[in-house]
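Open the model in your viewer and keep the sequence panel beside it. This tour goes one selection at a time, with a short note on what to look for at each stop.

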Amino acid sequence: MKPRAEGEEKAAAPAACVWGMLLACAGQSPMVSSTTLRTQGRWKISSNSSGSKVGSCRRYITLSLYSVLFSIHMLSGAKAAAHIIAQLVSPKQPLSRAIPRLSSHPFSRFNLNLVKRAMSASAAAKRLEGKTIVITGASSGIGKSCAFEFARTSPKNLKLILTARRIDTLKEVAAEIQKEVGDGVKVLPVQLDVSKPEEVRQFVPKLPEEFRDIHVLVNNAGLVKGLARAPEIAEEDMNTMFNTNVTGLINMTQAILPIFKSRRKEEGGAGDVINVGSIAGREPYAGGSIYCATKAAVRSFSDSLRKETVDSRIRVIEIDPGQVETEFSVVRFYGDAEKAKKVYEGVEPLTPDDIAEVVVFAASRRENVVIADTLVFPSHQVSLLPTSF
Ligand SMILES: NC(=O)c1ccc[n+]([C@@H]2O[C@H](COP(=O)([O-])OP(=O)(O)OC[C@H]3O[C@@H](n4cnc5c(N)ncnc54)[C@H](OP(=O)(O)O)[C@@H]3O)[C@@H](O)[C@H]2O)c1
């Protein structure tokens, strides 16, 4: 064990009193929201002190976390515990991203394991454990964030299949995830153009056996091209948007559904289809007719599929983002980054992580809970703005 510095030794007695007070308080009102811990790795103290089972559970989690930090204090010194607390309460630094920073401390391995264990004990982590998740469009934006969020939420035993056209970028994403969460998450990058039906048909048969038992499909790949109005819409753009956003999404769903249907046949099957739609599917706007039509199609397809699978444990979930800053606008303006930047001037858009948290939240509910339909805005938005989304 690392010998304590002189200053730390002196600080030990008052610090022990503080710990005592914290432990005593844990049985009272302060509680850690497991949802917040699950999705962001930060503390949230709630004033709810009801005597419900949830309340007791949260109090238990709080007590456990205090105990973990207390143990770190006793074994590694006040500095290490203070460092972890600082990371936990930092509003800008989610715990999951703070963990690698602890590696410089001599007791890093010990500390890391404790904190990781505290995080993965959440209900969400347990529900996702052992699952295989496919994400389309994982090379950038929302899809890439989803990959990280799933891995951080359930880092012990998860398989991720990341797909997109840019295979080199996918390999980089896979390596970053592996570096951050370790070997508990197996990541398979697969080059796949969802707009090509033949590639989608070959997708499942070409997967290694250990990745074929898919539980969650995140249909996220999608794009917008231009702002042209009829009759000047380029046929190529029209086909690209429909073939990716609609036919691609439907083909992917049809490729994976047989796997869901063959699972727990007595209950009609089990698995999650999570479709990323858009506010554009609800509110068509001038200059976005094709993109809006594709997202309206996603909405209709999702609603029909939910009805078609109602006698099963298959959940059909649609998440419609408002304005999110990603490569989306760069693609819309054919690579013109300057023009894309202007879309977000003077506003604070959502980040892709904001949507990823909703996706992972939906996928990690109790099996009987279906977050069927979600519209997510940044606070400045209540409707569709021109030239966006
Ligand atoms: N950003 C927003 O404001 C916003 C708002 C509402 C909804 N959305 C929706 O959110 C989803 C994700 O978009 P994003 O904002 O994260 O944009 P993004 O950063 O441009 O990401 C789009 C992803 O889709 C992939 N993709 C595009 N065409 C593909 C194809 N034919 N086959 C396979 N993958 C393909 C891209 O990868 P490759 O280029 O490597 O193939 C990329 O990974 C889209 O469905 C979009 O419509 C976005």
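**The whole chain**

Start with everything selected. Among contacts between residues at least 6 apart in sequence, 75% join residues at least 24 apart. Please keep in mind throughout that this is a predicted model. Colour the chain by secondary structure and you will find 15 helices and 7 strands. Then colour by burial: of the 389 residues in the chain, 38% are buried.

**Stop 1: strand E1**

Select residues 132–136, which form strand E1. Are these residues buried or exposed? E1 is mostly covered, with 5 of its 5 residues buried. Show the side chains next: Thr-132, Val-134 and Thr-136 point one way, while Ile-133 and Ile-135 point the other way.

**Stop 2: the partners of E1**

Keep E1 on screen and add residues 158–164, strand E2. The two strands pair in the parallel sense, over 5 bridges. To see one pairing in detail, pick Thr-132 and look for Lys-159, which stands opposite in E2.

Now bring in helix H8, residues 141–153. Together, E1, H8 and E2 make a right-handed β-α-β unit.

E1 has another partner to show. Select residues 216–219, strand E4, which pairs with E1 in the parallel sense over 3 bridges. Here the residue to pick is Ile-133, whose bridge partner in E4 is Val-216.

**Stop 3: from E4 to E5**

Add residues 270–276 to the view; this is strand E5. How many bridges pair E4 and E5? There are 4, and the strands pair in the parallel sense. One bridge to find is the one between Asn-219 and its partner in E5, Asn-275. To follow the connection, trace the chain from E4 through H11 to E5: this β-α-β crossover is right-handed. E5 is mostly covered, with 6 of its 7 residues buried.

**Stop 4: from E5 to E6**

Next select residues 313–321, strand E6. E5 and E6 run parallel and are joined by 7 bridges. Click on Val-273 and look across to its bridge partner in E6, Val-316. The chain travels from E5 through H12 to E6, and this β-α-β crossover is right-handed too.

**Stop 5: helix H12**

Select residues 289–308 to isolate helix H12. Here is a calculation you can repeat with the distance tool: at 1.5 Å a residue, the 20 residues of H12 should span 28 Å, and the end C-alpha atoms are 28 Å apart, which agrees.

Then look for the covered side chains. The buried residues of H12 include Ile-290, Tyr-291, Cys-292 and Thr-294, and further along the helix Lys-295, Val-298, Phe-301 and Ser-302 are buried as well. What do the buried residues of H12 pack against? Show H11, E5 and E6 to see their packing partners.

**Stop 6: two loop residues beside H12**

Pick Glu-283, in the loop between E5 and H12. Glu-283 counts as partly exposed because it has 14 C-beta neighbours inside 10 Å, and a residue needs 20 or more to be buried. Leaving aside neighbours within four places in sequence, Glu-283 is in contact with Ser-383 and Leu-384. For a distance to try, join Glu-283 to Ala-293: the C-alpha atoms are 9.8 Å apart, and the residues are 10 apart in sequence.

Then move to Thr-309, in the loop between H12 and E6. Thr-309 has 19 other C-beta atoms within 10 Å, so this residue is partly exposed. Not counting residues up to four places away in sequence, Thr-309 touches Ile-314 and Val-316. Thr-309 and Ala-270 are 39 residues apart in sequence, with their C-alpha atoms 9.6 Å apart in space.

**Stop 7: around the ligand**

Finish by selecting the ligand and the 32 residues around it. Which of these residues come nearest? They are Gly-137, Gly-141, Arg-165, Arg-166 and Gly-222. Colour the shell by chemistry to see 14 nonpolar, 14 polar and 4 charged residues. Helices H8, H11 and H13 (328–332) each supply at least two residues of this shell, and the largest share, 3 residues, comes from H8.

Key
Residues numbered from 1 in each chain as written. Predicted model: local features only at pLDDT ≥ 70, side-chain atom pairs only at ≥ 80, totals over all residues. Near = placed C-beta within 6 Å. Nonpolar A, V, L, I, M, F, W, Y, C, P; charged D, E, K, R; others polar. Buried ≥ 20, exposed ≤ 12 C-beta atoms within 10 Å, placed from the backbone. Contact = placed C-beta atoms within 7 Å. Pairing = 2+ DSSP bridges. Right-handed = clockwise from strand over helix to strand, strands pointing away. Expected span 1.5 Å × (residues − 1).
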